[in-house]
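Colleague: I am new to this structure and would be grateful for a close look at a single part. Please choose one residue, describe its surroundings, and then place it within the rest of the model.

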Amino acid sequence: MVLAIATLLTTACGGSRTPAPLPAADACLITASSATVDSASVVVTSPVNVQNAPRPTTWGERFVFDLANDTAARLDCRGRPTPDAAGPYRIRDVGRSTLLLEPIPGAHGPRLTIHSASEANARDLVDAGVDLLLTDIPTLAAYAGTRSDVTSLPLGWDRTWVAATPRGPLSLDSSSAFRAGLARDAVRADARAAEGPYWWTDTTGCDAPTVRSALASTGTPGVVYPRDDAVARALAERLVAILGGRATAVGLAPNAFASALMAGSEQAYVLPLRRTTRDRCRSLTELIGSAAWLGARGAIVPLIDTRLRAVVRRDRLSVRFAWDSTIAIVAAHQ
Amino acid sequence: MTFRSRLLIAFALATIVPLAMLGVGVRRQLTARLVAQHQQRVEGMARVAAQDVERESASIASRLSTLAGSLTTDDRFRMAAVRGDAGERAYLLDWAGQAMRTTGLEMLQLQDSAGRILSSGHFRNEFDRLEPELPRALALAKSAVLVRARAPEGPFLALVRAESVRVADRRFDLVGGVRVDSAFLRRFAREEGLHVILSEARVIPSEARDDSVSDNVVAELPIPYLTDSLTTARLVIAYDIPELALLRRDVDQWFIAALLVVVAAGLALAIWLSRRLSEPLATLTHAASTIDLEGPELTVAASRDDEIGTLARRLGSMSTRLRASAARLRQAERRATIGDMARQVNHDIKNGLIPIRNVLRHLVQVQEQQPQDLATVFAERRSTLESSVGYLDTLARNYARLTPSVAPRAVDVNAVATEIAASTAVASAITVRTRLAESVPRALGDPVIVRRILDNLVRNAIESLDARGGDVTITTSRAPSGGARIVVADTGRGMSQEELAHAFDDFFTTKPDGTGLGLSVVRRLTSDLNGSVRVESAPGQGTAFTIELPSCTPS
């Protein structure tokens, strides 16, 4: 179980939300370049660890691991197959936060050099000329969008950040205004108040999840979050500030976070859940499998929705919206 | 508790206690001198630490003042904090973090006049929390104050100051400072062996002390501490004096070495002495427990020239006196017995004479009244006379055997010994050797009794030899008391301790055809001569009887 996050980030299709405004010719197409490029550089401001393949723990890993998947399994924003999708790719880790992705024999698409960069390094890479920037940092996207040869646009709301609480809901304001305050003030991402409906609240037609472990009778006052995720950290710290008392924010590495989530001994867990899923019942089962106490007294409190921003060099790459409000590279635009 | 145990304990106390006192004394003196030597040094360090804290406080105040000045000209801050422009709210929320990074502060929060946190650098998402007491309390303090600040990961201690600034006629408070953690405290520990900790309690915390060095030097520096109210925390500077630890270790090692040597030597000496003292005492105790007034004399340890020898000699002397007393008692008893015997003899003789008297009266009566029958009557009564005379004769012989008469005179013991050896040579195949000293004095006694004594002892010695033969030797010499000493020794089978204990008892014998009277007679006859007899023997080692008789010449 490398994580509920992994499960929730990989589950496919059935998107219930409409993405941002689309070009007229191809409703899902973002940019359409006639150029054929052999290689392209991509920057993601998210940690990427190929050791976690095929189950991503961050949105950056999800983007990279999707490129390695069979193109036949990929769908566009309308849920149709994408025969012109780039890939599938073979991933090679070349170190220093850089990955090299090559199309497998017979596959189409440019070779991709993927940089997993911090905000500061991402600015340097943007200045050096990057073909695609994917980021959840609005200021970075704004800076990158100042170049004249790029198209900058927000992607769809693809993740809902929740507080999972083993011992019932936290004593938090449940109003939309509160969640909007979180989105506006607590995080630096492109965020809004979480909006339903949420697939994890609808169990219609699904088998009742089985509770596989008992919950500890007493917990520790930690609000736990995935260590490498800035949004999760900001939300956890805000919850600690609001809850007061002995509450503390505790950042854990992916494996440790998964173990802690399973144990359910902390006060709350801040984690992202995908907003869309192809198979709601399977996602529910996997969610309960990663935190069995959710099937008992546990609660999931939605906090905010976030989305990524993409900055694409128009003359270099063709990209389109995918089924889950994320982005997909097109091998060659016809 | 045994004498030996007491001796060992006494030795242990006599050696270990002074040595332990010496060791403890040396340690205490060394400690006191070194501690005194370092106390001033540590107090000097505490003064330097106080200056450092003051310098840090001034530095914090300076940085806060700079930040306050920059706020008055910060338009984005004005738009967010004064006008409430939502577009600049993110700037306001991030302002403290940015300012903290710029100034090097580790705790910084900006509060409005109501105490609401507008921006926090150390806890970015703590905005909007009300904390009006902190700036108010800090405003009263003239120097930096220790506070427990909140952070997402948990509270931490910070040394903080406050600064106020007015923007658009509204007051804003800046509270900022540095984190007081182990890194902060290490700045004051400029030397090896120096430990600096912060104590919020009233007593010096245990972590400031090294348990292995109980006398480490400690100095304290008070720092204002704001909790629910303004109290005082203390910066505790402890110096464990590495030289002291080394010195103590050396002293301890030498002390332990000396202790081991002294204990080993003391134990060896104590064991040797206790054996030397207790073994003769144990032997003497055993000998004293087996003292027999009729047995051999006590001679154990009598040759020693120390207190034990004196004790042994006095015990022997006491034994001798007891023997003499016993002899006199026996003499008195014998006299009493003789009196009884005399009465018995008188009675017996009277009983024997009565028939004779009656026969004689009868014969006188016949002679006067019937003279012609005298011969006939005499013949009839003759047997009565003869039996009565026979009875008296037997009685006389029996009494003669029972109480030999003693006629004290000078006895040449060498002559008696020579005569015994010669007569034995005729009657036995065993040769009796003699070693006769010319200087042996003449004994006061009876030659017949002395002969009987020697005759019994020589016969006893010959009977102790087995079929392979052996030696029997008669030795004469002058006794230490001045009398004559006669030793009859054989190389026979010897006697066990139990046999020795009963050797002089009446009717005690180990021989199938023995009467058990030989040695008993020897003891009795020797006693009659006011002499003494003792025996030394061991199984397989032969036996030696020593007779000492008083000299006929008073010494």
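Modeller: A strand is here a DSSP run of at least two residues in state E, and strands are numbered from the N terminus. With that settled, the residue I have chosen is B:Arg161, which lies in strand E4 (residues 156–167) of chain B. Please bear in mind that this is a predicted model.

Is B:Arg161 buried or exposed? The threshold for a buried residue is 20 or more other C-beta atoms within 10 Å of its own. B:Arg161 has 25 other C-beta atoms within 10 Å, and it is therefore buried. Leaving aside neighbours within four places in sequence, its contacts are B:Ser57, B:Ile60, B:Ala61, B:Leu64, B:Leu138, B:Ala144 and B:Gly177. B:Gly176 lies 15 residues from B:Arg161 along the chain, yet their C-alpha atoms are separated by 5.8 Å.

The chain around this residue may now be considered. Chain B has 555 residues, of which 27% count as buried, and it contains twelve helices and 15 strands. Among its contacts with a separation of 6 or more, 62% are between residues 24 or more positions apart.

Elsewhere in chain B, strand E1 (residues 107–112) pairs with strand E2 (residues 117–120) in the antiparallel sense, over three bridges. One of the partnerships links B:Leu110 to B:Ser119 in E2(B). Four residues stand between the strands of this hairpin, in which B:Gly115 takes a positive phi near 90°.

Chain B also holds an open sheet of five strands, in the order E10-E12-E13-E15-E14 and with mixed pairing. Its edge strands, E10 (432–435) and E14 (532–537) of chain B, each pair on one side only. On average, neighbouring strands of the sheet are turned by 15° against each other, direction ignored. Within the sheet, E13(B) (residues 484–490) and E15(B) (residues 543–549) run antiparallel and are joined by seven bridges; B:Val488, for example, has B:Phe545 in E15(B) as its bridge partner.

Helix H10 (residues 447–464) of chain B lies across E10, E12 (472–478), E13 and E15 of chain B, and runs at about 20° to E13(B). At 1.5 Å a residue, the 18 residues of H10(B) should span 26 Å, which agrees with the 26 Å between its end C-alpha atoms. The buried residues of this helix include B:Ile449, B:Val450, B:Ile453, B:Leu454 and B:Leu457.

Finally, there is the wider setting. The largest nonpolar core has 100 residues, and those that touch the most other members are A:Val187, A:Val223, A:Leu235, A:Val270, B:Val160 and B:Ile237. Helix H6 (residues 230–243) of chain A supplies the largest share of this core, eight residues. Beyond its neighbours within four places in sequence, A:Val187 is in contact with A:Leu182, A:Val231, A:Ala234, A:Leu235 and A:Ile304. A second, separate core of 47 residues includes A:Cys28, A:Val48, A:Phe65 and A:Tyr89.

The contact between the chains takes ten residues from chain A and eleven residues from chain B. On the side of chain A that touches chain B, helix H5 (176–186), H6 and strand E10 (248–252) of chain A are the elements that give two or more residues. H6(A) gives the most, with six residues. The residues of that side divide into six nonpolar, one polar and three charged.

Conventions
Residues are numbered from 1 along each chain as its sequence is written. Chains are lettered from A and ligands numbered from 1 in the order in which they are written. This is a predicted model: local features need pLDDT of at least 70, side-chain atom pairs count only at pLDDT 80 or more; totals for chains, interfaces and linings use all residues. A residue is buried if 20 or more other C-beta atoms lie within 10 Å of its own, exposed if 12 or fewer, and partly exposed in between; C-beta atoms are placed from the backbone. Two residues are in contact if their C-beta atoms, placed from the backbone, lie within 7 Å. Two strands pair if DSSP finds at least two bridges between them. Axes are lines fitted to C-alpha atoms, for helices over the stretch in contact, and angles run from 0 to 180 degrees between N-to-C directions. The expected span of a helix is 1.5 Å times one less than its number of residues. A nonpolar core is a set of buried Ala, Val, Leu, Ile, Met, Phe, Trp, Tyr and Cys residues joined through C-beta atoms within 7 Å. Ala, Val, Leu, Ile, Met, Phe, Trp, Tyr, Cys and Pro count as nonpolar, Asp, Glu, Lys and Arg as charged, and the others, Gly among them, as polar.
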